[in-house]
Amino acid sequence: MATATPSPKVNHIGLPVLDYRGGKSTLCAGCGHNAISERIIDAMFEMGVEPERVMKMSGIGCSSKSPAYFMSRSHAFNSVHGRMAAVSTGAILGNHTMTTLGVSGDGDTASIGMGGFVHMLRRNLPMIYIIEDNGVYGLTKGQFSATADLGSKLKTGVINDLPAIDTCALAIQLGATFVGRSFSGDKKQLLSMLKAAISHKGTVMLDVISPCVTFNDHEGSTKSYKFMQENDEPINELGFVASFDEIDVDYDSGQVYEVEMHDGSNLRLRKLLEDYDPTDKANAVRTLMESQANDEILTGVFYINTEQPTFIDLLNVVDSPLATLPESLTRPPKSALDALMHNLQ
Amino acid sequence: MATGHLALGQEQGALGARERVINDFSINVATVNGSGSQSANSVLLKSIFGMGVPVSGKNLFPSNIAGLPTWYTIRASKDGYVARKREAEILVAINPETARQDVLGLPAGGVAIYEESFNLQQVRDDVVCYPVPFDKLTAAVCPEAKLRKLVKNMVYVGAVSQLLQIDLGVVESGLRKQFAKKQKVFDLNFGAVKAGYDYAAEKLPKQDRFFIERMNQTAGKIIIDGNAACGMGAVFAGVTVVAWYPITPSTSVVEATTDLLKKFRVTPEGKATFAVVQAEDELAAIGMVLGAGWAGARSMTATSGPGISLMAEFSGLGYYAEIPGVIFDVQRTGPSTGMPTRTSQSDLLSVAFLSHGDTKHIVLLPGSVKECFEMGYAAFDLAERLQTPVFVLSDLDLGMNNWMSDPFDYPATPLDRGKVLTKEDLDRLGEFARYRDVDGDAIGWRTLPGTDHPKAAYFTRGSGHNDAAGYTEKPDEYIEVMERLARKFDSARKLVPGPVTLKNGTSKVGFLAFGSTDFALRESLDQIKKEYGLDVDYMRIRAYPFAQEIHDFVASHERVYVVEQNRDAQLESLLKLDLPAEQVVKLRSILHYNGLPVDAQTTTEEFATKEGL
């Protein structure tokens, strides 16, 4: 139905945005996660990704429920707590021709899932890994997570006395090749970032601050809407030109850092910080460390590397999905077994 | 009793003229871990095999890289018995640390071949001593001092071969096979074999009564370990994704798999039709297996007890979300770290019910290397047919030791990829419900990611779901799925490998066993027949859930002894859950769980005691 009707509301593969929608959200009204789901829908729609070509992955938690709320026409795997990275690795090995987008949370990633998370980064597994980061465990009623900032206050008055894990700094150090931080309330930045992420081959790690309206949106919280609106310091303004778009020229080219993505599209970063080069790994980590010392929350794309081979490249697998290779390619012939038996005699 | 050491026992210390013992004894080689004795032991084993004599080898090694004592036992048996024997008649003592103790452990009338400088003549007056200057002989044939530690092992191969009258030509051809294409290495090693052989011929007049004589019992047979056979099974199942974490004693399953994949599964363009990933832990390994299985790939992992524990949560997800995957568990002793290099069958219960909630799993129980291969590939068909994780329960004894076998047969049927809907199917059907029992066999149809149809996708979750894969907390929807899963498990009874009835005559008494216990039990049945004139029936169980024949076997006997290698009678417990109450009372236990493979004599004795024979 969608492909037949030419309408300004269809994307370049002829699908309306409706075909990217999911089920009704059961998260709290105003939850940042819902806004992120909306941006995922917009990005996939605008990029013209066929929903059937997407695998939606998640672990356990509020964030991990959200794949049910976008793109119902995509296969989804809501796995076990902290194991999205491992399950995604297997799924991608099974079919590396798919676009894989995973939604995890700060607890799911930075505590129970840390072991799998860091090894996924190290492998540069080709997937988009989103942390919907609210600093608390929602489903168990608001305990601190490992990304909660030092000194941050719970509704109950409990103060967090441990330093936060900076998942972006970690991701850059450990091998992710597209690392950014955004805020669920920043529609424009998040959309551009997601669109660029879709064009990237390799691990995209996006930490998206997503206030928990129920357990972490009060005075004293460092992951509240108010706090983010007051303390968000973008390091770059993002513009993204998809490979099928005409290049627009309204960007101030003098201050633009342009990165050509794998599919020929362009990510344009207008520098807000002096000398910020997102391909400089050491500088990216340093910038994050300095911002931490200054109690700033930087957002933007911190690091991009379009040269690094992905895990699939390293494994040198055939172009077709391993999952559906025919028996003629996967079961060696009888002569092979006969030869093995002969050698064992 | 016709076995060698019992015959010896009857003639305590008599070293004079006696009957020859031909092709029926064990050789125990005591060396130091990491000294490279493995290839020498293998050459000796294959030389006896080359003489046409049924043979088996067992490596009793420490959990250590180098330096601790290790023993390798080779059993020659004209009757084809390949289980461990309690005692070995012939000792090759190379390790000074244990030499004295090793000699003390010999049965009367045994043989000790040892490094001359150990001076062990005084230790026993009822064993034949053959001191050999191993170090001197080695130095003479191996100018390079660094290699002497390794080459020394070949000297004992030569000496033992001469003493047992193994044809030197057979040793030579075995060695040539071992060092194929490495002429220099062959020359050096064969020089060492010759040195030992010649020394024995010249200086050690034969005083013992053990001989290897040519037979024709090994023609056409192969020698392989169970782990290599499992790996081979996986490759001939067309496995495409392997995710694993190293753990003794399962590591060589993946090593064998990987070697064969590299050999057979690279396209002419140099691309791999497989992916092998060394994961960060067993949690990730099983997660990758399920991710790949969900995407439609044939995926596997191999592990042992501690890894199985870590895989528990995911195994429940695999069961509930109905995702195929194959898990090889090569069992070692527990609890906890246990004795990592010792064998047991103590994971049966934990694997059968691995994970929380009402979870149960298909478990295949190979009892030979041939079955490691056959169940190795059958597991993948079953996993995809039944859409569930399938466990293959091997053990260290079966997995890491060399066993003689008939050659493996090529799979007779094509791969069974199970119920998968294609785009064309969906065009025809319009839509589908992932967990709906449309065929009455309790197995739903699935789709794979990438199926180009707007109705192909479904939402896989470990949370409560209805037959359309939708989230649910409704009691009736939850129960509907759980009951279908129970029906599916029940229908698996007919799909898994059925039991093997080795004997089912008129006896009132029967044996039940599984896995590597079979080797000792077969020998034990012969012992019981010889010693007590009793014919006892025997059925070997090859899978859980249990086939109906197992129920029938118990029903048709008055007493059934369940022989297994664990403390808690795990197979018996599992049977008790399955059998009607009036049958349960018939079960008796014979347990062996000291970490060494069960032997026939122990089983026979315990059976005799329990039966009051």
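Two residues count as in contact here if their C-beta atoms, placed from the backbone, lie within 7 Å. Keep that cut-off in mind during the tour, and keep in mind also that this is a predicted model.

**First stop: Ile113(B) and the core around it**

Select Ile113(B) and then display the residues that Ile113(B) touches: leaving aside residues up to four places away in sequence, these are Leu91(B), Val92(B), Tyr130(B), Val132(B), Tyr156(B), Ala159(B) and Val160(B). Ile113(B) belongs to the largest nonpolar core, a set of 269 residues, and is listed with Ile48(B), Leu91(B), Ala112(B), Met288(B) and Leu364(B) as having the most contacts inside this core. Now colour helix H14 of chain B, residues 369-386, which gives the most to this core, with 11 residues. Apart from this core lies another one, of 10 residues, which you can find by selecting Cys62(A), Val136(A), Phe144(A) and Phe215(A), all four of them among its members. As general background, in soluble globular proteins nonpolar side chains tend to be buried together.

**Second stop: the domains of chain B**

Next, colour chain B by its domain assignment, which gives domain 1 as 4-211, domain 2 as 224-405, domain 3 as 423-494 and domain 4 as 500-611. Hold on to domains 2 and 4 of chain B, whose centres, taken over C-alpha atoms, are separated by 27 Å. Where these two meet, 19 residues of domain 2 of chain B are in contact with 21 residues of domain 4 of chain B. On the domain 2 side, select helix H13 (348-352), strand S14 (362-364), strand S15 (389-395) and helix H15 (396-400) of chain B, each of which supplies at least two residues; H13(B) gives the most to that side, with 3 residues. Coloured by class, the domain 2 side shows 10 nonpolar, 6 polar and 3 charged residues.

**Third stop: where chain A meets chain B**

Now bring both chains into view and select their contact, which takes 49 residues from chain A and 56 residues from chain B. On the chain A side, the elements that give two or more residues are strand S2 (75-78), helix H3 (84-94), helix H5 (114-123), helix H11 (327-330) and helix H12 (334-343) of chain A, and the largest share, 8 residues, comes from H3(A). The residues of this side divide into 24 nonpolar, 18 polar and 7 charged.

**Last stop: strands paired across the chains**

Finally, select S2(A) together with strand S17 of chain B, residues 459-461, and follow their pairing, which runs in the parallel sense over 3 bridges. For a single pair to look at, centre on Ala76(A), whose bridge partner in S17(B) is Phe459(B).

Definitions and conventions:
Residues numbered from 1 in each chain as written. Chains lettered and ligands numbered in written order. Predicted model: local features only at pLDDT ≥ 70, side-chain atom pairs only at ≥ 80, totals over all residues. Core = buried A, V, L, I, M, F, W, Y, C linked by C-beta atoms within 7 Å. Buried ≥ 20, exposed ≤ 12 C-beta atoms within 10 Å, placed from the backbone. Helix = DSSP H or I, 4+ residues; strand = E, 2+ residues; numbered from the N terminus. Domains from an automatic or database assignment. Nonpolar A, V, L, I, M, F, W, Y, C, P; charged D, E, K, R; others polar. Pairing = 2+ DSSP bridges.
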